Structures are given as structure tokens and as C-alpha cells.
Amino acid sequence: MAEIEGASPLNRLSWLRSSHSFLNAVAASSKARWLVSNIGQQLVSVHASNPSEKPAIAQLTTTDVKAFLGPEPYFGQSKDEGRTLAADEAISFTESVRHRGVRVVFLGLLDTLSSVNALPTSDFVDPERAVAKLEGTPFFALDIGELGVDANEFLTQRSNTTHVLSWGEPRALLMGLGSDRVSLALLAEARSMVDWNHRNKFCPACGSPTYSMWGGWKISCSTLLPWADNTGRTPCPTNKGLHNFAHPRTDPVVIMIAIDETGEKILLGRGKKYPGKFYSALAGFIEPGETFEEAVVREMWEEAGVKVWDVTYHSTQPWPFPASLMVGFYARADSAQPIRLDLDNELVDARWYTRAEVLEVLNHALGTNIFSSDRKKLDQAEHGTTNTGAKPAEPTVLDEPPFRVPPTTAIAGVLIREWAYRKIQFPVADPVHKGNL
């Protein structure tokens, strides 16, 4: 079977998330590895002998994080602490339940995705025996930010003579991981799922606290636990119907490049929160009742006053800030028409660039480089904060490119590069079909 380019190498084992015996067994395994974050900042590691190297996502053992997990069982928790679910407590609302302690997410198993070790549910009648034969690495994720842990002390206690730990900004990490598919997949899944659990602590129907199920992949209202005391309470609306669980959300975003009628120019924009001369593809969230193609047309018009046609799909990329799926497109447009930025006022500039101009940037050593000071500006703009302390020193650049574009770790960079190097062909547009939206 041919491998899908860019596909996640993680086997998520979604059919085993409801089995607390499976989750407890793999969590206790010496093979298990944990991704830890602190209010969104990711734990990273560098070799002590080379502190200037690019940081890697730290992978801790269960022993390293055991102090933060609470008493066993970690999943399938009963009413009483330290006891697994009794037979009369095993209902649909308690499948792999974790209703006390920090929320934990089972990310999946890093294996060969072969039929040999596909792990059907029947293999886990005896979970300990099955896990003993397990091939691959089980991965989990958690955030210690709400546990009152001293973040610096956490680093000091777990750094050693071989590796030094620190907290890294996820956006910078994602940009710097390059072609490391495993780390990219782990970071995207962990950040999105931990963030979703963090944001959904109360039932939207009745306001009661929620709890985690299915290894962090379902959230339910605490009034539905079999031992909940609901005396005098109106039953929570989630008690009935098909939507009594909250599932992780993914927010689709269209991101697109407009190609002019000659096929030799593209439209790029600079958002208000972009630093310096940073230009990128235009993008926007899908709205209810809208197709992807309609969203491309609407967003191009709203952001740049440009009417496009011949919308063509390219590829997608998970973007865990916090849980977007970037859906990439190309479209055709008339570069002779004026650009307008006064409709939704999201851009400070938009302009057409020739292939030669874009290639000059792509072939420049700093053309796709995002400095640490730039990332801080992006992070502050995203969270609505400002830097009240000393401003980071801007790097001294002797040979600055005319402008900068995203690297290929972002789908915008892929769209720009594939057009620039003619991997995607755009012949002269047919004027007969111009503007047929």
C-alpha cells in the first residue's frame, strides 16, 4: 500500500479509547512517552553538550510524570479514589472515565501501521499480556499549568548532564521542525487536544463541571455520572439525545493564493499582526452554510477586494492554534483590477508579485526566515497582549530580502513555493470564463 505523502505516522487506535484496561496498561508501560506543556508552552529538550542546537520536543516517561497523574487507576476511575469502576458503574458515561486529576490525552501509538500490529479490541481481553507484546511507542499528553507546579523547578529537577529542558513557544517549534513528521504530528495533535480539554471544563447546557472520557477524546457533564447527586436539579439536556458528549472540534480555514491571468503573478498580503515585510497567502474561517470554494471567493473579496474564479484545491495542514485545519487553494484573478483593503480592514497591504520577485526571496538565505522577535510579536498579537518589558533586540541583517514569506512548514509557504518553481502549472486564463463565480 502506497504511503500518503505527509500523512501522520501515528496509529491513533481510536477503537481502543473506550477501554480503560488498555489505557491503564499502556500508560504503565515502560515504552510510554509523555508530551508535557505548561499553559500552552511545550516542554523541549536540547543536548547539554550543544545548547545552541534546535530544540526537540521532550518525551518523558510515565515515571517522570507520575507525581502529576494522581493515584491509579488513571482511567476507569470509580466513585472512590484508587478503585477501578465497579460493574454497576460501567455505563456509556464512564467509558475510560477520568473525573479527577489533570486531564490526560492518549495520542496514539507510533508503529508501522501494518495489519500485523493493528491491535483489534479482542487482543485486549488480557491487556497486560497484549501490551507486553506491543510493538511501538504509546504517546500521551498533559498540561501541568493548573497544578500549581513551579515551572522552573520542574525543569531543574528533570534536566540532567545529557539533556537540558526548557519551555518552548509552539508556533516557533512548528516552524522549526522541518520534515520531522513524527514531531510535527505529535505537536499538532497534543496541542489541539490539550487546549480543547482546557477550554471545556463546564457543561454548556447546564453549567456543571465536565469530566474526561476515552483518553481525553470525549467530555461529558458530571451530572451524568452514576453516583452524581442530582436532587432538586433539572436534568441536564445532555442526558438524552445523540449529542450528550462533547467531541474535539476542528475549525476549517481556507488559505489561498490568487494567480493572475498570465499565470506569472501571485497576490500576497500582509496582515496587521505580521511583523516587518512578512507577506503570505490570504486566509479566513469557513462560515456556516458555505462551501470551501465559496469561502475562497468571499475571503478574497473581503480582504483584498479581488474577485476570483477557477478555485482549485491543493492540500490541507493541521494548524493547532488552537484547532484549525488549513485547506489550501489556488484561484485565478485579474491583476489589472484595483486592490481594496477597506472592506474588512484585516490587511495593511496586498500586492501582486511576479515569479522573478518571489524566486528572489525564496533563493535568499533569509527569505523564509522568521526571527524569534517576529514570533513573539505574532504570539502577542494572537493573544491580545503587548510586551511591557524590554524589547527584544532586532537581528542585524546586512543583506535583507525585499520581503519575506512563510517557510514550507506552513501550508502558505508550500503554496507559494509550488507555484514559484512551476510544480503547479497555471496556463494563461481563458477570458471566456473570466469572472464566472
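**Disulfides.** I began with the cysteines of this predicted model. I counted disulfides, and the count comes to zero. I then looked up Cys203: its closest cysteine sulfur belongs to Cys236, at 3.6 Å. A pair must lie within 2.5 Å to count as a disulfide, so I record the Cys203 sulfur as too far from that of Cys236 for a bond. Cys236 is likewise in no disulfide. For Cys236 the nearest cysteine sulfur is that of Cys206, 3.6 Å away. I also checked the accessibility of both residues. Cys203 has a relative accessibility of 6% and counts as buried; Cys236, at 7%, counts as buried too.

**Helix H8.** I next asked which residues of H8 are buried. The helix covers residues 355–362, and its buried residues are Arg355, Val358, Val361 and Leu362. I viewed H8 down its axis and found that these residues fall within an arc of 125°, so they line one face of the helix. I then looked up what the buried residues of H8 pack against. The partners are two strands, S11 (265–271) and S15 (347–354), together with helix H10 (411–420).

**Cis peptide bonds.** I turned to the backbone and noted a cis peptide bond between Glu72 and Pro73, with omega at about 0°. Pro73 sits in the loop that runs between helix H2 (62–69) and strand S5 (105–110). I noted another cis bond, from Phe321 to Pro322, where omega is near 0°. I located Pro322 in the loop between strands S13 (308–319) and S14 (324–333).

**Positive phi.** I looked up residues other than glycine that have a positive phi, and I entered Ser96 with a value near 55°. Ser96 lies in the loop between H2 and S5, the loop in which I had placed Pro73. Is Ser96 buried or exposed? I read its relative accessibility as 1%, so Ser96 counts as buried. I also entered Asp310, which is not a glycine but has a positive phi of about 50°. Asp310 is found in strand S13, one of the two strands that flank the loop of Pro322. Its relative accessibility is 44%, so I record Asp310 as partly exposed.

Note on methods:
Residues are numbered from 1 along each chain as its sequence is written. This is a predicted model: local features need pLDDT of at least 70, side-chain atom pairs count only at pLDDT 80 or more; totals for chains, interfaces and linings use all residues. Side-chain values use heavy atoms; hydrogens and water are left out. Buried means under 20% relative accessible area, exposed over 50%, partly exposed in between (1.4 Å probe, protein chains only). Helices (H or I, at least four residues) and strands (E, at least two) are DSSP runs, numbered from the N terminus. The arc is that of the directions from the helix axis to the C-beta atoms. Contact means heavy atoms within 4.5 Å.
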